[in-house]
Amino acid sequence: MAAENLLARISVDPNVCFGKPCIRGTRLWVSLILDNLSEGVSEAELLTSFPQLALEDIRAAIAYGAAATREHVVDWQPAGA
């Protein structure tokens with residue numbers, strides 16, 4: 001699925017979840033999906049934990065994160081640096 005089609009699955013509405021990017025039709029933050037993936041939670045586990053998700057929603061969250069990093073750099077330094 002093309003990135004633009006995936007990104008259509010993301011909603012940013014100031015009246016929903018304080019305007020944080022969510023999976024369209026849910027109140028699941030994109031950051032929640034990405035945090036879980038970064039902690040090693042599998043796609044299958046996410047789909048079980050959040051039955052309202054589809055595999056394409058997880059891919060949409062990843063695509064959104066990729067797009068966001070093209071526009072914004074997080075100021076982060078590793079511990080002890």
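**Close-up 1. What packs over the buried residues of helix α2.** The cover on the buried residues of α2 includes strands β1 (10–11) and β2 (22–23), along with helices α3 (43–49) and α4 (55–71). Keep in mind that this is a predicted model. The helix itself runs over residues 30–38, and the buried residues in it are Val30, Ile33 and Asn36. Those three span an arc of only 135° around the axis, so they sit on the same side of α2. The spacing rule behind this is a familiar one: an α-helix has 3.6 residues a turn, so residues three or four places apart point the same way. Just past the end of α2 comes Gly40, with a positive phi of about 95°.

**Close-up 2. Asn36 and its contacts.** Zooming in on one residue of helix α2, we get to Asn36. Is Asn36 buried or exposed? Asn36 counts as buried because its relative accessibility is 18%, and the cut-off for buried is under 20%. Which residues does Asn36 touch, once neighbours within four places in sequence are set aside? Asn36 is in contact with Val41 and Leu46.

**Close-up 3. The one salt bridge, Asp57 with Arg9.** Searching the whole structure turns up one salt bridge. Here the side chains of Asp57 and Arg9 meet, at 2.7 Å from N to O. Asp57 belongs to helix α4 and Arg9 to the loop between α1 (3–7) and β1, so the pair ties together parts that are 48 residues apart in sequence. As for the general idea, side chains of opposite charge can pair when their charged atoms come close. The two partners have their own accessibility figures: Asp57 is buried, at 6% relative accessible area, while Arg9 counts as partly exposed at 25%.

**Close-up 4. A nonpolar patch on the surface.** Phe18, Trp29 and Leu32 make up this patch, and together they have about 340 Å² of accessible area. Where does Trp29 sit? Look for Trp29 in the loop between β2 and α2. Trp29 is partly exposed, with 32% relative accessible area.

**Close-up 5. From Leu32 across to Ala3.** Leu32, one of the patch residues, also serves as a handy reference point here. How far apart are Ala3 and Leu32 in space, C-alpha to C-alpha? The distance is 20 Å, and in sequence Ala3 and Leu32 are 29 residues apart. Ala3 lies in helix α1, and Ala3 is partly exposed, at 43% relative accessible area.

Notes. Residues numbered from 1 in each chain as written. Predicted model: local features only at pLDDT ≥ 70, side-chain atom pairs only at ≥ 80, totals over all residues. Heavy atoms only, no water. Buried < 20%, exposed > 50% of the residue type's maximum accessible area, 1.4 Å probe, protein only. Helix = DSSP H or I, 4+ residues; strand = E, 2+ residues; numbered from the N terminus. Arc of directions from axis to C-beta. Contact = heavy atoms within 4.5 Å. Salt bridge = Lys/Arg side-chain N within 4 Å of Asp/Glu carboxyl O. Patch = residues over 30% accessible without salt bridge, like charges linked within 9 Å, V, L, I, M, F, W, Y side chains within 5 Å. Areas by Shrake-Rupley, 256 points an atom, 1.4 Å probe, with all protein chains shown as cover.
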